[in-house]
Amino acid sequence: MTGESSNGRFAAGLDRLPGSAETAALRAAALEAFSATGFPTRRNEQWRYTDLAPLSSADLDFAPQPPAEELISRVAAMLDEAGFDPAAPRLVFIDGGYCETLSQTGAAAGLSIASLASCGAADVPARTHAALDGHPLATLNAALVSDGAVIAVDDGAEAPEPIELIFVAGGQSDLAAHPRIMIDLGRDAELTLVQHVLDLEAASGWFNVVTEIVQAPGSTLTLYRLQDHGKLRFHTALLRAELAEDAKLACGWFDLGGQLVRNDFDIRLEGSGAEADLYGIFLASSGQHTDNHIRMDHIAPRTKSGEAFRGIIGESGHGVFNGKVVVHRDAQHIDARQSSDNLLLADNAEIDTKPELEIYADDVKCSHGATIGEIDEEQLFYLRARGLDEDEARDLLTFAFANAVLERVELPELRERIADRVAVHLADGEAAGEHP
Amino acid sequence: MATQQKEITDLVKRKYEHGFVTDIEQEFVPPGLDEDVIRLISQKKGEPEFLTEWRLKAYRHWLTMTEPEWAHVRYEPIDYQSISYYAAPKSQENAPKSLDEVDPKLLETYDKLGIPLHERARLAGVAVDAVFDSVSVATTFKEKLAEAGVIFCSFSDAVKSHPELVRKYLGTVVPYRDNFFAALNSATFSDGSFVYVPKGVRCPMELSTYFRINAANTGQFERTLIVADEGSHVSYLEGCTAPMRDENQLHAAVVELVALEGAEIKYSTVQNWYPGDENGVGGIYNFVTKRGECRGANSKISWTQVETGSAITWKYPSCVLRGENSVGEFYSVAVANNYQQADTGTKMLHIGANTRSTIISKGISAGHGQNAYRGLVRVLPTARDARNYTQCDSLLLGDKCGAHTFPYIESRQRSARVEHEATTSKISEDQLFYCRQRGLSEEDAVNMIVNGFCREVFKELPMEFAVEAQNLMNVTLEGAVG
Amino acid sequence: MLKIENLHVSVDERKILKGLDLSVNAGEVHAIMGPNGSGKSTLAQVLAGKDNYDVTRGRVVYRGEELLEMEPEERARQGVFLAFQYPTEIPGVNNAYLLKAAVNAQRDANGEPQVDAFEFMRLIRSKMELMNISKEFLNRSVNEGFSGGEKKRNEILQMLVLEPSLAILDETDSGLDVDALKIVAAGVNSLRSKDRAMVLVTHYERLLELIVPDHVHVLSDGRIVKSGDRELARELDARGYDWVQQEAARA
């Protein structure tokens, strides 16, 4: 796709998006920046293993309408059925648009939660980093963003309970949503945020999310994301975080659904003592493609990072892990660990992993490990010798592989929810494998 | 740790020992490259037409290519028209029939390099093929090898005496289209070594080649082809040095290995091209394509390299594991000191079932050196039960250098098992203190620890090379540590 | 042989030793005891020249020279030996190779000729037997994969071979079973002589039943708070450290 035609394609939706003339100019500028490069191709080293052709050629509506009453009630019913607590503090978005009826923003002291549009729809793009260099899709988000979430915690405040962000795709086909999430933590503030991404019905479409995080010294942010799209959806996301001294960030990322999923993390450890810990599970089968792409910049000394991702790749699935740790010059006393462990469960499955280290300081302890293989034969035999049949034993071992990461989820209900969904998806993947 | 820093500095400042220029008459082709130059090179070497044509095809393809930029190295653009693509010692006109006829000055050169040709040959039973700039000067022990049926000669000789073998295998592992530097080499290569080990033969001695770039403004584009026929075995060593010069010199070699069923090739390199001075002036650009193909079942190719020289190293000795049960190995020590840059590693392509590969890489960075490991392990769907194990460790000596690891791991076969581990750290203060408490100087302690760090690789080298590699390492890092 | 005067040492601004005095003569064996965190290991490391300690005050004179001015290897070559509490692993470096290099570094410093491989083996054979160390053990990498007991026996073997004037043994008894403890003690005792001094840093009295000290000192909160003979060690074993600390606090 050339810049010209993609520009035209997005421009059609541009005038239906919210904002003043000034905002429109910002959108146009971002779109122009995007059009200069267009969708990245596999010739770009950052996209070596992920082909966006199906996305760039899809015919999508880039300016979704606000949800109708009928759709809202269907979403409400689905969330109830799925066991979400309507009284919990939460923001619900349908097709990228904020749904006030289903949301709970009764905030505690020192905590503000709001939809991006409610903070001033007119200057939505102005409030965001208009373009994030080197991330064309984030630039496109800057052009097309219509809504999102803004969460701020004041100095010394602590959110009393986890806040949920629920993104539901409403069932209309070929929608493209560009939400933006902005999180701002004051000095020593604490927050736990859980992001749920799910589909009302399996339909094609695209979610292109940008999350911007700014953490003041001593703040602690725990983020979870359970991405449980149907298997027709494209999902791309960039999470960018800047951590000041002694700030701590933990991200637990669970990608179960989606046709083509790409998660970019851009973490900047800017203050001494900052720590980031990223971990996750991703499943891919039945033509699914999931790519986790991390750049971890150790800019300040005495910073620490961990990356631990596990992929379970079934029939015709394709999993990718690309983690890059960069230790900047004079950033001494660094501890960075990366691990990428992967199970390949089917013959035409593929896994590509690229754990990279780029180190310009000497007082560092950096390591990475990567493994790819199928279920351990000896463990399998051991379980069978204890009387389990082979399928049972396989399921158990596959789940155990995921469970090592699941155990790190500190919210028991969430952990259980993810575990259930992992089990369901694994069973699905297997079913697909049995009937090629 | 100020004293430590100082000693590092001292170590780094150790001078290059092999920097001298041999004063003998040389015959040059004037700088520049076009089809006429290629025809001239081919004609001077009396090559058959197929080879001339092959060179020209490579040249034409090269013209369509651009220099690769993905490596983690930085250098000023190379002017390929300012390089002379052919330099031969004049006395080549009457080529020596034996060592006795070799220009004594040349022999002296080898002596200075610590390769007493006669003695090394006699005492160690090593056959040496020495390539001086681009032309093979002397080959020893031909007779003994001939008895076993082993062909070991300069590439030019092979083209004349065994054109059918050259034609059959040349470019089958590294096609001229492979990459920019391989295409350039295919068009312009002037000489190199050729080895053929017939079926079932175990080569009776280690084969060895020494390369040396002498003349200014010349590139060295040697080409090595080793074919191990079914069930044969050969161990080949190469060493490299170059004189000190202020300008950069290009070395773009191609090495092709072919192992047929049940054959085994062990290829060891101790690379000590001139690295430039402590300010990064001068030094060799070592842009080399080395690849071996395990073409037959149960074959094995093992690369061992100790890379201490060159201003820039761009080199990925690789194995194409086509035959079932074939084995590929890569053992590497790479040092980047002063302003040296190294981007080196390997590719293991698992095609056949039950193929196995091992990668052990040890990178050492000192001064302002930048050292990158770049490796690819690719398991294709056909490679049932393939196995790879990779261990790559980096050691940092000083806070101005860099150590980088870029592994690409791709698997499309469920029964394959791939494991990769990497660590990066500086030399351990505790280890240094322990050794010093036992009375060792800091420099000796560092050498000992660094050599220990490299031991897994050194032990893969033939004995005499292992000692040389160890000494080279100490020399290279002298002043680098503390 | 060794005179420590008013030694103050800090690590990362934290004061560990706060005015320690100690005098050790040739032929004597001193035991330094004390609860965890009292500064025992710091003292041992500072004497050997570990560089992440800040000596803020005081001096140490060893055989008439300022010990703290010397590099670690100079101290070693002049006969100061530290048996480490946690001997470091050095992958790829042969155990025998390190020991031979250490012997030769010392000989070089004394203007003596280097030992070759045969002499070296002759030199260490009986000592290896004494420490119950096999030949294979010598060919392994330094301390790599050694059990706790093997590491400690290896330290003592090195000490026997290097024959130091001043041996400092840092918690050499920790982690040893009774049999290993006996071997270690036999090794140490074989080296006792009138021109050699030893400083045993230990937590427990049991080592001192096997290596009988001439003087026992209690280190508490960075100072020597009580000195005595071996009976003091027995008393500490029976009564713990609290009473000494209380006594010191009253004083």
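Which elements of chain C do the buried residues of α6(C) pack against? Keep that in mind while we get our bearings. What you're looking at is a predicted model, and we'll walk through it one piece at a time.

Let's meet the helix itself. Helix α6 of chain C runs over residues 148-162, which makes 15 residues. From its first C-alpha to its last it reaches 21 Å, close to the 21 Å expected at 1.5 Å a residue. A good part of α6(C) is buried: the list includes C:K151, C:R153, C:I156, C:L157 and C:L160. Charged-looking names such as C:K152 and C:E155 are on that list of buried residues too. And here is what they pack against: β6 (80-83), α3 (95-109), α4 (117-130), β9 (166-170) and α7 (178-190), which belong to chain C as well. Just after the helix, C:E163 takes a positive phi of about 45°.

Two of those partners, β6 and β9, lead us to our next stop, a sheet in chain C. This open sheet has six strands, in the order β6-β9-β10-β3-β11-β12, and its pairing is mixed. At the edges sit β6 and β12 of chain C, each pairing on one side only. On average, neighbouring strands here are turned by 20° against each other, if you ignore direction. As a bit of background, strands of a sheet pair through backbone hydrogen bonds, either parallel or antiparallel.

You can find both kinds in this sheet. For the parallel kind, look at β9(C) and strand β10 of chain C (residues 197-202), joined by five bridges. In that pair, C:A167 stands opposite C:M198. For the antiparallel kind, go to strands β11 (residues 215-220) and β12 (residues 223-228) of chain C, which pair over five bridges. There, C:V216 has C:G228 as its bridge partner. β11(C) and β12(C) form a hairpin with two residues between them, and C:D221 in the turn has a positive phi of about 50°.

Helices come into the picture around that hairpin. Helix α10 of chain C (residues 242-250) lies across β11 and β12 of chain C, running at about 70° to β11(C).

Now let's hop over to chain A. It contains eight helices and 20 strands. Its radius of gyration is 21 Å, close to the 22 Å that the globule rule gives for 436 residues, so chain A is as compact as a globular protein of that length. Along its principal axes, the C-alpha trace of chain A spans about 70 × 50 × 45 Å. Of its 436 residues, 53% count as buried. Now take the contacts in chain A between residues at least 6 apart in sequence: 83% of them join residues at least 24 apart.

Last stop: the place where chain B meets chain A. Here 29 residues of chain B are in contact with 31 residues of chain A. On the chain B side, the elements that give two or more residues are β22 (402-411) and β23 (417-426). That side of chain B divides into eleven nonpolar, ten polar and eight charged residues. Strand pairing also crosses between the chains: eight bridges join strand β20 of chain A (residues 364-373) to β23(B), and the two run antiparallel. To spot this pairing on screen, look for A:T371, which stands opposite B:E419 in β23(B).

Note on methods. Residues numbered from 1 in each chain as written. Chains lettered and ligands numbered in written order. Predicted model: local features only at pLDDT ≥ 70, side-chain atom pairs only at ≥ 80, totals over all residues. Helix = DSSP H or I, 4+ residues; strand = E, 2+ residues; numbered from the N terminus. Expected span 1.5 Å × (residues − 1). Buried ≥ 20, exposed ≤ 12 C-beta atoms within 10 Å, placed from the backbone. Contact = placed C-beta atoms within 7 Å. Nonpolar A, V, L, I, M, F, W, Y, C, P; charged D, E, K, R; others polar. Pairing = 2+ DSSP bridges. Rg over C-alpha atoms; globule rule 2.2 N^0.38 Å. Axes fitted to C-alpha atoms, helices over the stretch in contact; angles between N-to-C directions.
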